[in-house]
Amino acid sequence: MRLQNDAGGVVGDFGLMGQSPWGMWIQATNRDILSSTYTISLNPNGGSVVIGATTSSYPLEVSGNVSGISIYAEANISATGFITDR
């Protein structure tokens, strides 16, 4: 599925993975130059982004394990359990 406006060529594409793990994807790009990338804003007017739960008291809450190469924070990071460096 593609969302687009008439100016600038910026589009938002949504799709389903055609093989396991059968997920879905979202990509902001240029309709003519697919190697172009743009920022995707979730709740730009406020509210929470919640992953793995249905409610949150924080702007971003992830319920479950998180994996990544790096985490950038402009403020303190709060965690229950532990944070490791592999």
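The following exercises, each with a worked solution, concern a predicted model of a protein chain.

**Exercise 1. Determine how many helices and strands the protein chain has, and in what pattern they follow one another.**

Solution. The count comes to zero helices and five strands. Along the sequence, the pattern therefore reads β-β-β-β-β, since strands are numbered from the N terminus.

**Exercise 2. Describe how strand 1 and strand 2 are arranged.**

Solution. Begin with the extents: strand 1 covers residues 2–4 and strand 2 covers residues 10–16. Next, consider the pairing: the two strands run antiparallel and are joined by three bridges. One bridge partnership links Gln4 with Val11 in strand 2. Finally, examine the connection: five residues lie between the two strands, which form a hairpin. Within the turn, Gly8 has a positive phi of about 80°.

**Exercise 3. State how strand 2 is joined to strand 3.**

Solution. Strand 3 comprises residues 24–30 and runs antiparallel to strand 2. Seven bridges join these two strands. Among the partnerships is that of Leu16 with Met24 in strand 3.

**Exercise 4. Find the salt bridges of the structure and classify the accessibility of each residue that takes part.**

Solution. A search of the whole structure gives two salt bridges. The general principle is that side chains of opposite charge can pair when their charged atoms come close.

- Step 1. Arg2 and Asp13 form a salt bridge, with their closest N and O atoms 2.6 Å apart. This pair links distant parts of the chain, with Arg2 in strand 1 and Asp13 in strand 2, 11 residues apart.
- Step 2. Arg2 has a relative accessible area of 38%, so this residue is partly exposed. Asp13 counts as buried because its relative accessibility is 10%, and buried means under 20%.
- Step 3. The other pair is Arg31 with Asp32, whose side chains meet at 3.9 Å, N to O. This distance satisfies the salt-bridge cut-off, which is within 4 Å.
- Step 4. Arg31, at 33% relative accessibility, counts as partly exposed. Asp32 has a relative accessible area of 61% and is therefore exposed.

**Exercise 5. Identify the residues of the nonpolar surface patch and locate Ile40.**

Solution. The patch is formed by Leu16, Met24, Ile26, Ile40 and Leu42. Together, these residues have about 540 Å² of accessible area. Ile40 is placed in the loop between strand 3 and strand 4, the latter being residues 49–51. With a relative accessible area of 42%, Ile40 is partly exposed. This value meets the requirement for patch residues, because they must have over 30% relative accessible area.

**Exercise 6. Establish where Thr37 lies, whether Thr37 is buried or exposed, and which residues Thr37 contacts.**

Solution. Thr37 lies in the loop between strand 3 and strand 4. Its relative accessible area is 60%, so Thr37 is exposed. When neighbours within four places in sequence are left aside, Thr37 is in contact with Gln27 and Ala28. Gln27 is 10 residues from Thr37 along the chain, and their C-alpha atoms are separated by 7.8 Å.

**Exercise 7. Characterise the protein chain as a whole by its buried share, its contacts and its surface.**

Solution. Of the 86 residues, 10% are buried. Among contacts between residues at least 6 apart in sequence, 7% join residues at least 24 apart. The accessible surface comes to about 7900 Å², and 53% of that surface belongs to carbon and sulfur atoms.

Note on methods:
Residues numbered from 1 in each chain as written. Predicted model: local features only at pLDDT ≥ 70, side-chain atom pairs only at ≥ 80, totals over all residues. Heavy atoms only, no water. Pairing = 2+ DSSP bridges. Helix = DSSP H or I, 4+ residues; strand = E, 2+ residues; numbered from the N terminus. Patch = residues over 30% accessible without salt bridge, like charges linked within 9 Å, V, L, I, M, F, W, Y side chains within 5 Å. Areas by Shrake-Rupley, 256 points an atom, 1.4 Å probe, with all protein chains shown as cover. Buried < 20%, exposed > 50% of the residue type's maximum accessible area, 1.4 Å probe, protein only. Contact = heavy atoms within 4.5 Å.
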